[in-house]
Structure formats: C-alpha cells, structure tokens
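This report describes how the chains of one model are put together, moving from the contacts between chains to the sheets and cores within them. Please keep the sequence and the structure at hand while reading.

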Amino acid sequence: MFPRQRPIVSAVGALTLCIAGCTSDRAPSSKAAPLRWGGPANISMLPIIAERKGFFREEGIETKPNYLQTGKMAMDAVVSGDIDLGVLVETNIAFIKFQNATPIKVVACVMQKHDDALIVRTDKGIHKPTDLYGKSISIVPATTSHRFADLFVDFYKLDRRRIQFANSTPPGIQAGIANGSMPAGSIWEPFRYNLEQMLGDKVTQFRDPRIYTAYALISARASVVQRDRPRIIKFLRALIKARDFIQNNRQEAIGILAQEIGMDKKVLAAIWSEYDLTLGLDPGLEKVFEDTGAWAKQTQPSFQSISVPSYADVLDPSLLREAQIANATSSSSTARP
Amino acid sequence: MGRTRQLLIRLSGPLVLLAIWYIVAASGLASSYLLPPPGRTFLRLGQMLTAGTVHSDIAASLLRWFVGYALGCVIGVPVGLLIGNSVVLYEASFPAIDFLRSLPVTALFPLFLLIFGIGEGSKMAMAFTATVFVVILNSASGAKQASRTRQRTAKVFGASRWQVFRWIVFWEALPQTLVGMRIALSLALIVVIVSEMFIGTRQGLGQRIYDAYSFNLTTDLYALLVITGLLGFAMNRIFLFAEKRIVFWAGA
Amino acid sequence: MEHSVSPAPGTGNRRAVQILVESVARAFGSQQVIGDLNLEIRQGEFLTFFGPNGCGKTTLLNIIAGIETADSGRISVPTGARAKIGYIFQDYRGNLMPWLTVAENIAFPLRVRGIPTHERMRRVRELRDRYEFDVDLNARTYNLSGGQAQLASTLRALIIDPDVLIMDEPFSALDYQTSLDLYGKILRVWQQAHVTVLLVSHNIDEALYLGERTVFLSRRPSHVAAVLENTLPGPKELGQLGSERFAALKAEALEIFRRETSQNPSNHS
C-alpha cells in the first residue's frame with residue numbers, strides 16, 4: 001500500500017512512536033536495581049544520615065542517592081520514573097495533584113522546617129519589612145521560597161501592590177543578592193548561609209517560625225509503592241534509625257549534615273532549631289495540601305479556572321506503621337509513632 | 001502548481017503533526033500530564049488570549065526583543081558592510097567576530113546580569129548580542145561578495161570609492177544582509193524568552209513559561225509554547241514578505 | 001567636417017590622430033601580455049581589434065580608456081583635450097545594476113557627476129529618442145533580452161557625450177540575429193554621434209564588417225601584427241557579408257591570423 005509514499009508514511013510513523021515514547025509513563029525500574037532516592041540536601045537529613053551511617057545497608061537494601069536542587073525537581077523525577085523515592089515538600093504534592101499525572105503517594109514526613117527566610121541587602125536601605133516597598137523580592141516560584149515570601153507579606157500586613165515578586169532559581173538568587181542586582185530574596189539553606197559568609201553585615205535576614213512551616217515528605221508513585229513495598233518499608237526503618245542516631249549523636253550528625261548541605265557545622269548547630277526532625281505522617285497534612293492548593297488558586301492567575309483537587313488519597317501511613325512496628329520488635333529502643 | 005493545491009500541500013505538514021499529536025494523546029500511549037491533548041491545549045490557548053492574561057506578557061517580550069534587535073541591526077549592518085568592503089579589515093576582524101558569534105549567547109547571561117542588573121537591560125543586551133554578530137557576519141559576507149564587475153563599472157564611469165560603496169556595494173550586499181537580519185530576528189526572540197526564564201520580572205512569555213513549569217501546569221506550558229512559536233513564525237513571515245519586496249532582484 | 005559612414009579608401013589617413021599608443025607594454029606577474037605596442041587611433045574612425053586568446057585585447061582597451069595603466073610606454077592625446085570615454089562591456093548582466101530601472105542605469109554616469117534626477121531622466125529620454133532605441137525605460141534590467149540590455153548599455157555609454165566609444169566584445173553573448181540587428185544600430189550611433197569607436201571582437205566577420213580598419217594583434221607578448229583596411233565600397237549593409245570582396249578580405253584576414261598563431265614564435269620582435 002502506498003508504495004511511492006512509503007518514505008513519508010514511515011517517517012510519520014517513526015515520529016509518532018518517538019512522541020509516544022517520550023511522553024509515556026515510564027515503567028519503574030526492575031526490582032533488582034538499587035532504590036533510587038533524591039531531593040534537596042537541606043530537607044533530606046534523615047536519608048543522608050541513613051546513607052552515610054550505612055543504615056540502608058543494614059536493612060539489606062541497596063540505595064542510590066541523587067542530590068537535586070529543589071523539591072520540584074524531585075517531584076518531576078518521581079513522576080518521570082527517574083527516581084523511586086523523592087524527598088520533597090508539600091507545595092510539590094499540592095500542585096502535582098491539579099494535573100492528570102501518575103498517582104502519587106506520600107509515605108512519611110521526615111522534617112518540619114523553618115529554614116526559609118527573606119535575606120535583604122541593608123546597603124540598599126532595607127532594614128525592616130516596610131523598607132521592601134518599591135522593591136522586588138526574588139523568589140523561586142511554586143516552592144517554599146514562594147510560599148514564605150507570600151505569607152511574609154501577609155504576616156507583616158504589607159501592601160501587596162507596592163512589592164514585586166521576581167522569579168529566579170536558588171543559585172540565581174544567591175548570585176543576584178551577592179552582586180547587588182537583587183535587593184531581596186526568599187530562599188533556604190545553604191544559600192542563606194553562603195550569603196552571610198560573602199556579605200557579612202551588608203545583609204540581614206527576616207525570619208519568624210510563625211510565618212510558615214514547610215513539610216519534607218517522602219513520596220513515590222503509587223505503582224512503585226505497590227510493587228516495591230517491602231523495600232520501602234526497609235527504607236523507612238533505616239530512616240527511623242537515622243532519626244534516633246541524630247537524637248543521640250547530635251554533634252556527629254551535624255558534622256555529617258553540614259558537609260552534605262555545604263555549610264559550616266557551627267552555623268548549622270546554631271540554626272538547628274530551624275529543623276524539626278520528626279518522622280511521622282500526620283493526617284493533618286491533608287489540610288496542609290488543601291490550604292496550599294487554595295493559595296495557588298487564589299494567587300496565581302493560571303489557576304483561576306481550575307478547582308482545588310481532593311488530596312484524600314495521597315497519604316499512606318501504612319508503610320511507616322509497619323516500619324515502626326518492625327523496629328519496635330527488632331530493637332530495644334522505643335519507637336515513637 | 002495551482003494556488004489551492006499549493007496551499008493544501010503547505011497546510012498538510014502542520015495538519016499531519018496535529019494528527020499525530022491527537023492520535024498519540026488519545027491512544028493512551030502518552031501520559032496526559034506530559035502530553036496534553038491538542039484540544040485541551042488550544043482551548044487553554046484561547047482562554048489565555050481572550051482573558052487577556054497573556055497580552056502584556058507578549059508585549060513585554062516583544063519590546064525587549066525589539067529594542068535589542070533594532071539596536072543590533074542599526075550597529076551591525078554598517079559595521080558589517082564596512083568590514084566586508086575592506087580586505088584588511090575583514091581579515092583582521094573575522095576570526096574575532098566568528099568566535100564571538102560562536103559563543104552561546106545564553107552563556108553570556110550571567111555576565112550581563114552583573115553588568116545590567118536583573119531588569120530590562122540585561123534581556124535587551126542579550127537580544128542585542130544575539131543580533132549584532134549574526135548581522136555583522138552576514139552583512140560583511142554580502143559586502144565581500146559584492147560583484148567586482150559592477151564596482152569596476154561604476155569606477156569606469158567615474159564613481160568615487162564612497163559612491164561605489166553607497167551605490168553598488170550596499171545594494172549588492174543587501175540580499176545577504178537581509179538574510180542575516182532575518183536569522184537574527186528568530187535568534188533574538190529565542191534569547192529573550194530564555195533570559196526571561198532565568199530572571200523574570202512581572203511580565204514576559206519566558207516568565208509565564210517558567211511559571212507554568214514551576215506549577216506543573218503542562219497544558220499552560222504547551223499553550224504558551226504554541227503562542228511563542230506562532231509569534232516567531234509570524235514575525236519571520238512578515239520579514240520574508242518585506243524582504244522579497246526590498247530585494248526584488250535577488251533570485252532574478 | 002562631413003563624416004560619411006564609409007569614407008573612400010585612403011581618405012581615412014587624412015583624419016587627425018586622436019589617440020597615440022606608443023610602445024605600450026604590460027605584464028601580469030611573469031607573463032608579458034603586451035609588448036611594445038604602437039598604434040594611431042584616428043578621430044571618428046571605427047576601429048576593430050582582432051587577435052588570438054590572451055593577447056591582451058581587453059587590457060589594451062582598458063589602458064587606452066585609462067582604467068588600467070601600462071608598465072611602460074604611454075598613451076597620448078595630440079589634440080590636447082582629454083578624450084571622454086564611453087565603455088560597453090561584454091557581460092551586460094554583470095555590468096547593469098538590477099536594482100535600478102533601465103533609465104536609472106543609463107543615467108548612472110550623470111548621477112556620478114551630481115546631475116539632479118529630473119534632469120537625468122530628461123536626458124535619458126532624449127537620448128533614447130535621438131537614437132530611436134526601443135527599450136522600455138521603466139523595465140528592470142534582468143527582464144531585458146540580451147539585445148535590449150546591450151542597447152541600454154550603449155545608451156549608458158553615450159549619455160556623457162563621449163569622444164571615444166570602447167566596446168569589448170559587446171555582441172559575443174548574443175544570438176546571431178540579434179547581433180546582426182545591433183550591427184546596424186551601432187553603425188547608426190557611430191554616424192550620428194560622430195564618435196570614435198574601438199571595438200574588440202573574436203568574430204572575424206564582425207570585426208571586418210564593422211571596422212573601417214581592423215587591427216590584428218599578435219600572440220603574446222602582443223604587438224600590432226597588421227592593420228587591414230576595409231576596402232568595400234559604399235555604405236555598409238549586411239548584404240556585404242556575402243559578397244566576393246568581403247570573402248577576399250576575410251581570406252586576407254585569415255592569412256594574417258594563421259601566420260600570427262602559427263607554431264613559429266620567431267616572427268615577433
């Protein structure tokens with residue numbers, strides 16, 4: 001059929017297959033491959049310790065860590081199947097649920113953090129929040145940086161119309177504040193630390209733990225949870241061990257973490273209160289997701305015509321429960337639910 | 001070839017692509033998150049255009065593009081023509097200009113941020129840089145290849161060097177110069193969009209694209225890409241139309 | 001002085017020398033192309049040039065026109081006043097400006113002299129009407145046929161009212177019929193404008209027919225090997241090309257040509 005048009009038909013067919021292949025939901029990796037996890041270092045404290053102290057190996061699983069710049073990248077990597085477990089934040093979960101992407105599960109919360117802050121150049125005349133009027137705050141859109149900046153404006157009851165938000169990336173914000181092209185930026189660690197190092201008293205930070213709490217979550221595709229359940233439970237058991245280790249060996253833990261995050265360990269020790277290393281899965285997180293989704297609908301023009309989805313099927317505490325039970329029976333220390 | 005038949009053949013390419021898109025999306029082979037169906041995409045596109053949310057972004061991007069591009073042409077064309085007209089200047093400057101043109105312009109962006117800050121300046125500087133080297137090279141090439149015969153004829157009729165340059169070399173070089181300007185047109189737009197993604201202020205297509213990416217809004221992302229593509233396509237077509245009329249003799 | 005299209009044999013010698021070529025030599029690199037060339041060019045004559053390839057016919061014309069310089073020897077103008085030269089090239093496509101109309105092309109030499117547009121166009125129209133050339137002044141040069149393009153080139157050369165018209169193989173790229181047509185036109189121009197015409201041709205018929213005298217150049221390094229006078233009687237007309245006298249003239253010409261291009265190079269001084 002179509003002998004003369006064969007080349008065209010073949011080309012069209014090949015193109016179709018390419019497009020389909022690129023945009024298909026990729027199958028998860030085989031069970032024999034290592035368990036790939038990834039996320040930004042500052043929220044991946046428990047897996048980092050588990051990795052470095054060999055707790056994963058103790059549990060009998062092989063893991064492969066990937067350090068990513070933002071939770072969004074971790075979310076993308078989870079959705080595309082590049083990693084099995086992502087360490088990300090509630091904003092990532094909230095936004096992905098608006099889309100028809102592959103179903104995502106959250107199996108544990110490994111941290112509550114308050115390490116987002118507004119870092120500002122005092123030599124641009126910014127000493128208090130109202131000095132931000134007429135200036136632009138650089139944010140990383142759709143991340144904790146964005147949420148913090150927005151909630152900051154609400155917290156101090158600032159007039160929104162007099163402050164601009166400008167998009168950037170985390171290294172972009174660091175560079176911009178450092179060279180003075182940005183007067184203010186909302187960002188997390190280690191970028192804040194770096195700027196303090198570079199600029200000393202030319203910068204000051206606006207932060208208040210009451211403004212915003214971000215939740216670091218272990219997340220995976222529902223299909224991966226189903227297929228790889230035993231390994232994920234072992235992963236979580238290793239995290240439990242990591243949390244206990246950090247509690248009992250704070251100095252050593254801080255040393256390891258500071259190195260991985262890229263900060264001075266004295267500084268990390270000083271700001272340690274910004275990180276709350278819980279390990280649990282509070283059902284209240286569903287409301288957190290909803291609030292975040294509502295915030296997106298309220299503040300982003302693109303969300304005007306979409307309704308906030310249901311987050312009822314996101315949380316899956318069963319794996320963590322199994323891990324905790326297993327831990328309680330296998331070790332002498334008491335595990336906290 | 002009849003006009004209708006030609007039109008149909010010209011449309012067939014995009015139609016085939018749309019058909020592939022539709023089939024792949026509808027078949028379930030593709031994730032509808034990664035590949036939203038064309039219907040949904042164009043619906044969203046229509047929403048964006050009618051609700052007017054995207055108009056100021058288009059205007060902002062076009063302004064940055066225009067200032068950088070126009071400046072790049074105003075400087076690049078005369079410089080290129082003068083370089084191409086002189087063997088010495090050409091040999092001396094060609095390696096340097098070719099090197100600069102080969103630098104990926106987007107890699108210069110951090111440097112421009114340092115120099116021009118995060119506002120309009122750095123994005124316009126990007127468009128300018130992308131434009132100027134391409135235009136210089138093409139204008140110079142056009143001038144260099146200017147018919148020696150015609151230049152000599154003009155001299156035979158008593159024209160001065162400057163008259164030969166203005167009346168012969170300039171026109172001889174014009175087809176190639178316009179080709180360079182047309183290439184730079186698309187390049188400058190691309191560069192503006194990309195630099196808006198790095199550093200966004202309130203408005204800009206690149207900014208919207210990055211936002212759509214950040215918020216996982218893939219349908220918006222596709223719609224914006226279609227808008228951006230159509231914008232570049234339209235500008236190119238308009239330029240081609242003008243080009244054919246300006247250098248009516250080229251290809252004759 | 002009454003100037004006829006074909007003066008009786010011998011009267012040509014009584015015309016004043018307009019341009020004197022004295023011992024002109026020219027080399028390109030190590031290749032001596034023109035060596036010790038001497039020639040008298042007479043006022044108002046139609047002089048054709050013929051010779052083997054590479055003998056520097058074009059170079060010689062360029063030297064006479066002042067476009068190129070000789071290595072040694074000189075071109076002098078005994079009458080004192082420097083001659084105005086009009087030039088017509090073989091490659092009409094490459095010498096006309098495609099972005100200008102035919103009229104603007106013709107007017108180009110006037111534009112160089114700073115004459116305003118209105119005046120330029122008036123002169124173009126007037127010139128065209130004077131010679132009754134059928135060229136569309138508003139056309140684009142790339143739409144013209146070969147013959148029309150050469151007519152436009154001719155008008156361009158004539159617009160400055162030249163003393164000498166130099167034509168470098170102007171009909172070589174044209175078909176036979178167009179050439180024949182243009183022979184008549186160029187002869188009329190010569191008659192009407194009272195110009196000296198120097199025409200290079202690689203076509204022996206053309207050179208002999210058009211020229212009052214035909215200069216035969218030797219192989220390089222070239223000098224004037226012979227000058228043949230066109231002794232055919234009466235006004236020039238195409239029928240002459242078939243006549244016995246023309247055939248005799250041509251036989252003489254071919255003999256000269258064969259002699260000059262023979263293997264023996266020792267004929268040259």
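Two residues are said to be in contact if their C-beta atoms, placed from the backbone, lie within 7 Å. The model is predicted, so local features need pLDDT of at least 70 and side-chain atom pairs count only at pLDDT 80 or more, whereas totals for chains, interfaces and linings use all residues. Residues are numbered from 1 along each chain as its sequence is written, while chains are lettered from A and ligands numbered from 1 in the order in which they are written.

**Contacts between chains**

Of the 2 pairs of chains in contact, chains A and B share the most contacts. That contact draws 32 residues from chain A and 32 residues from chain B. On the chain A side, α1 (6-23), α5 (90-96), β7 (164-167) and α7 (170-179) each supply at least two residues, and α1(A) gives the largest share, 6 residues; helices (H or I, at least four residues) and strands (E, at least two) are DSSP runs, numbered from the N terminus. Chain C meets chain B through 14 residues of chain C and 12 residues of chain B. On the chain C side, α2 (92-95) and α4 (108-112) each supply at least two residues, with the largest share, 3 residues, coming from α4(C). Chains A and C, by contrast, are joined by no contact, and their closest C-alpha atoms lie 39 Å apart.

The table gives the make-up of three contact sides by class, where Ala, Val, Leu, Ile, Met, Phe, Trp, Tyr, Cys and Pro count as nonpolar, Asp, Glu, Lys and Arg as charged, and the others, Gly among them, as polar.

| Contact side | Nonpolar | Polar | Charged |
|---|---|---|---|
| Chain A, touching chain B | 14 residues | 16 residues | 2 residues |
| Chain C, touching chain B | 10 residues | 2 residues | 2 residues |
| Domain 1 of chain C, touching domain 2 of chain C | 9 residues | 2 residues | 3 residues |

**The two domains of chain C**

Chain C is divided into domain 1 (15-52 + 74-83 + 163-172 + 188-269) and domain 2 (84-162), with bounds that come from an automatic or database domain assignment. The centres of these two domains of chain C, taken over C-alpha atoms, are separated by 26 Å. Where the domains of chain C meet, 14 residues of domain 1 are in contact with 13 residues of domain 2. On the domain 1 side, β6 (164-168) and α7 (176-193) of chain C each supply at least two residues, and the largest share, 5 residues, comes from β6(C).

**Sheets of chain A**

In chain A, 6 strands form an open sheet with mixed pairing, in the order β2-β1-β3-β10-β4-β11; two strands pair if DSSP finds at least two bridges between them. Because β2 (63-67) and β11 (275-276) of chain A stand at the edges, each with a single partner strand, one side of each is left without a neighbour in the sheet. Strands β1 (residues 35-39) and β3 (residues 85-89) of chain A run parallel and are joined by 2 bridges, and Gly38(A) has Gly86(A) as its bridge partner in β3(A).

Strand β8 (residues 184-187) of chain A is covered on both faces, with Ala184(A) and Ser186(A) buried on one side and Gly185(A) and Ile187(A) buried on the other. A residue is buried if 20 or more other C-beta atoms lie within 10 Å of its own, exposed if 12 or fewer, and partly exposed in between, with C-beta atoms placed from the backbone. Strand β5 (residues 117-121) of chain A runs antiparallel to β8(A) and is joined to β8(A) by 4 bridges, with Ser186(A) as the partner of Leu118(A). Strand β6 (residues 136-139) of chain A runs parallel to β8(A) with 2 bridges, and there Ala184(A) is the partner of Ile137(A).

**Nonpolar cores**

A nonpolar core is a set of buried Ala, Val, Leu, Ile, Met, Phe, Trp, Tyr and Cys residues joined through C-beta atoms within 7 Å. The largest such core has 226 residues, and those with the most contacts inside it are Leu236(A), Leu239(A) and Ala188(B). Helix α8 (residues 161-198) of chain B gives the most to this core, with 21 residues. A second, separate core of 6 residues includes Trp21(B), Val24(B), Ala30(B) and Leu35(B).
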